[in-house]
Amino acid sequence: PKLEFDNRGSGSPISGRASQVPVFGSPTSDTRTPIATRGQPLEHLEVLIEIEKALVKRLRQDTEELNQELLRLEEACRKEERESTHDKEQTERVEEERRQLHQQLEVSQRQLAELKLEYEGLRRESIFLRQDQSHYTKEAEFLQRLLD
């Protein structure tokens, strides 16, 4: 017996009694009919093409949305980097200012210590001068009495 194959895509042989196996969706049950003239496979391909078009459209939309999200995230990263760089520069400026102020404080503390020493020396000198003045005043009074 001659074997015929199922034209619905299964590829399995069917018995020689082809007239007993109906082929749904085709105008005739003749398996030798060209694909272009069979209604169901053509409609099936058209449906598949439409589904693929819809999938492609959806994938393009998804891709566009993802690209937009990527651009937004990249811009956010650039903004964060700029802010980070700005903060780092500001921190460096503050640190430099702190270092300069610390140096000024050290200079001022040395000047204060020197001024304290100078003050102490001037105070001692003032005491000595008062003692000398008192001594010279007493001596001047003594000499004045001698002259009188």
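This report describes the confidence, architecture, surface and salt bridges of a predicted single-chain model.

**Confidence**

The mean pLDDT of the chain is 80, and 74% of the residues reach a score of at least 70. Compared by element, helix 1 has the highest mean pLDDT, 92, while strand 1 (residues 4-5) has the lowest, 44. The pLDDT is below 50 over residues 1-24, a stretch that makes 22 contacts in the model beyond near neighbours in sequence. Residues 33-37 also have a pLDDT below 50, and this stretch has 4 contacts beyond near neighbours in sequence.

**Architecture**

The secondary structure consists of 1 helix and 2 strands. Along the sequence these elements follow the order β-β-α. Helix 1 covers residues 39-147, in a chain of 148 residues.

Of the residues in the chain, 5% count as buried. Among contacts with a separation of 6 or more, 10% join residues that are 24 or more positions apart.

**Surface**

The chain has an accessible surface of about 13,500 Å². Carbon and sulfur atoms contribute 57% of that surface. A nonpolar patch on the surface is formed by Leu45, Val47, Leu48, Ile51 and Leu55. Together these residues have about 430 Å² of accessible area. One of the patch residues, leucine 55, lies in helix 1.

**Salt bridges**

Side chains of opposite charge can pair when their charged atoms come close. The structure contains 9 salt bridges. Three of them, listed by pair, are given below with the distance between the nitrogen and oxygen atoms.

| Acidic residue | Basic residue | N to O distance |
|---|---|---|
| Glutamate 95 | Arginine 98 | 2.7 Å |
| Glutamate 120 | Arginine 123 | 2.8 Å |
| Glutamate 120 | Arginine 124 | 3.7 Å |

Glutamate 95 and arginine 98 are joined through their side chains. Because these two residues are 3 positions apart in helix 1, about one helical turn separates glutamate 95 from arginine 98. Glutamate 95 has a relative accessibility of 40% and so counts as partly exposed. Arginine 98, at 47% relative accessibility, is likewise classed as partly exposed.

Glutamate 120 takes part in a salt bridge with arginine 123 and in another with arginine 124. Glutamate 120 and arginine 123 are both in helix 1, 3 residues apart, which is about one turn of the helix. The spacing between glutamate 120 and arginine 124, also both in helix 1, is 4 residues, again about one turn.

The relative accessible area of glutamate 120 is 24%, so this residue is partly exposed. Its partner arginine 123 has a relative accessibility of 36% and counts as partly exposed. For arginine 124 the relative accessible area is 48%, and this residue too is partly exposed. The cut-offs behind these classes are under 20% for buried and over 50% for exposed.

A further group is made up of Glu75, Arg78 and Arg82, which salt bridges link into a network.

Definitions and conventions:
Residues are numbered from 1 along each chain as its sequence is written. Side-chain values use heavy atoms; hydrogens and water are left out. Patches are made of residues with over 30% relative accessible area and no salt bridge: like charges are joined within 9 Å, nonpolar side chains (Val, Leu, Ile, Met, Phe, Trp, Tyr) within 5 Å. Accessible areas come from the Shrake-Rupley method with a 1.4 Å probe; for residues, only the protein chains shown count as cover. A salt bridge is a side-chain nitrogen of Lys or Arg within 4 Å of a carboxyl oxygen of Asp or Glu. pLDDT is the predictor's confidence in each residue, from 0 to 100. Contact means heavy atoms within 4.5 Å. Buried means under 20% relative accessible area, exposed over 50%, partly exposed in between (1.4 Å probe, protein chains only).
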